[in-house]
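Work through the exercises below with the model in view. Try each task before reading its solution.

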Amino acid sequence: HFSFQDKDNLYLVFDLLPGGDLRYHLGQNHRFTEEQTKYIMACIILSLEYIHTNKIIHRDIKPENLVLDHKGNVHLTDFGIAKFQHVNNAKDTSGTPGYMSPEVMCGLDHSIAVDYFALGVIGYEFMKGVRPYLGNSRKEIKEKIMAKQAMIKSNECTNGWSPEAIDCINRLLLRKPCKRLGYNGAKEVKHHHWFKGFNWKELYMGKLNAPFVLKEEDNYDYTYCNAIDKITLK
């Protein structure tokens, strides 16, 4: 909203988002329900639609960069490695390996589809409690991505998730960008049959009730804080 400074510090004033980030809540809950995941992903899709319309690729979509407000709506943060979209951007390979698309991993030119791949990783993680590609290094994760297409099978135990949800996440995770859901923009994701009947206008206006209800002040893990830090943070 605005900024100011004194002789020691620069202050940046943002919206108050007291709900914590999704990494914390994923750690607390291990999984989200299909209804919660659809709502969270819908919030992210609206965010992506806005920045992509303005020719910006976020390039670091992950739970740590998704923060909840007091109503449970999800906001996109941390544009530290975001870039304006341009051709010949193969050298722009920054990101978080577990959420990085194959084309970025391989040092190829890329587009807004990289953000939708990361969205697919988040959907997969919310459903199964684990990312589709795991490894201790970027090289290891890249090797796993190149070796096999991650896919949720309809006969896997997915806690009663619908075939439409599985199809949407699988299509977001497709390795070839031109085949990936979202390659042609947010509209094709919003028109996927998993979101049939979803009230995008009401979500945009902030009139929908979020299905993930936050516990009061449940937005931070104090486990590794000392006594002074706890008093300060509270």
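**Exercise 1: a covered helix**

Helix 4 is mostly covered, with 15 of its 16 residues buried (under 20% relative accessible area, 1.4 Å probe, protein chains only). Helices here are DSSP runs of H or I, at least four residues, and strands are runs of E, at least two, numbered from the N terminus. The model is predicted: local features need pLDDT of at least 70, side-chain atom pairs count only at pLDDT 80 or more, and totals for chains, interfaces and linings use all residues. Residues are numbered from 1 along each chain as its sequence is written, and side-chain values use heavy atoms, without hydrogens or water.

Task: Compare the reach of helix 4 with its expected span.

Solution:
- Step 1. Helix 4 covers residues 113-128.
- Step 2. The expected span is 1.5 Å times one less than the number of residues. For helix 4 that is 22 Å.
- Step 3. From first C-alpha to last, helix 4 reaches 23 Å, close to the expected value.
- Step 4. G129 follows helix 4, with a positive phi near 80°.

**Exercise 2: the largest pocket**

Task: Which helix gives the largest share of the lining of the largest pocket?

Solution:
- Step 1. A pocket is an open set of points on a 1 Å grid over the protein atoms alone, with protein on both sides within 12 Å along at least five of seven lines; lining residues have an atom within 4 Å of a point.
- Step 2. Helix 2 (34-53), strand 5 (74-76) and helix 8 (200-204) each supply at least two lining residues.
- Step 3. Helix 2 gives the largest share, six residues.

Note on methods
Buried means under 20% relative accessible area, exposed over 50%, partly exposed in between (1.4 Å probe, protein chains only).
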